[in-house]
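Trainee: Please guide me through the cysteines and the nonpolar side chains of the model shown here.

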Amino acid sequence: MTLLVDTIAKETPTLMNNNVRLQTIGDIDRLPEKTKAKFLGCIEQTSRNTGLTMVIALSYSARWEITRAMQEAVRLAHNGSLRPEDVKEQFVSSLMTTRDMPDPDLLIRTSGEYRISNFLLWQLAYSELYFTDCLWPEFTEEEFYKAIIDYQKRERRFGKTSEQVNK
């Protein structure tokens, strides 16, 4: 983690020059204090950037995220500000660490694995999945283009049938 955060700190001027905002999802409270402080400093320094947003998942698991969201819902119910009929899909989404981010359109899974590995389980509900045998360190721009071309051939249905989409 220290290597990652040191690298991000070193690259923060580049993020600033390119108008990139840094965000994170995950339980960063589990990071060592010095590492956490440096990382939060980079996030704060880039917080006003309006171009691209780079999101890094640190100490993240979807089960952690969903558990944390349910704990918050129980707290709200306990203090009387949440009723069962208030719990709708949009409300659950609002409790996720990704609440201010769009759901992914495409998940690219490298290394020949055919699983999503406890990653964004709520958010991937209608995402397209692309699997490749290519290992992450060898995942090149050309491999990325292959994934995009494959994605462009898909019919995005968001849980509907082709007939329902074409009406």
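Trainee: Is C134 buried or exposed?

Mentor: This is a predicted model, where local features need pLDDT of at least 70, side-chain atom pairs count only at pLDDT 80 or more, and totals for chains, interfaces and linings use all residues. Residues are numbered from 1 along each chain as its sequence is written, and side-chain values use heavy atoms, leaving out hydrogens and water. Buried means under 20% relative accessible area, exposed over 50% and partly exposed in between (1.4 Å probe, protein chains only). C134 has 15% relative accessibility, so C134 is buried.

Trainee: How many disulfides does the structure hold?

Mentor: A disulfide is a pair of cysteine sulfur atoms within 2.5 Å. The number of disulfides in the structure is zero.

Trainee: Which helices each supply at least two residues of the largest nonpolar core?

Mentor: A nonpolar core is a set of buried Ala, Val, Leu, Ile, Met, Phe, Trp, Tyr and Cys residues joined through side-chain atoms within 4.5 Å. The largest has 12 residues, including L15, F39 and C42. Helices here are DSSP runs (H or I, at least four residues), numbered from the N terminus. Those that each supply at least two residues of this core are α1 (2-17) and α2 (33-46).

Trainee: Is C42 buried or exposed?

Mentor: C42 belongs to that largest core. With a relative accessibility of 4%, C42 counts as buried.

Trainee: Where is I66 found, and is I66 buried or partly exposed?

Mentor: I66 lies in helix α3 (residues 62-78). Because its relative accessibility is 30%, I66 counts as partly exposed.
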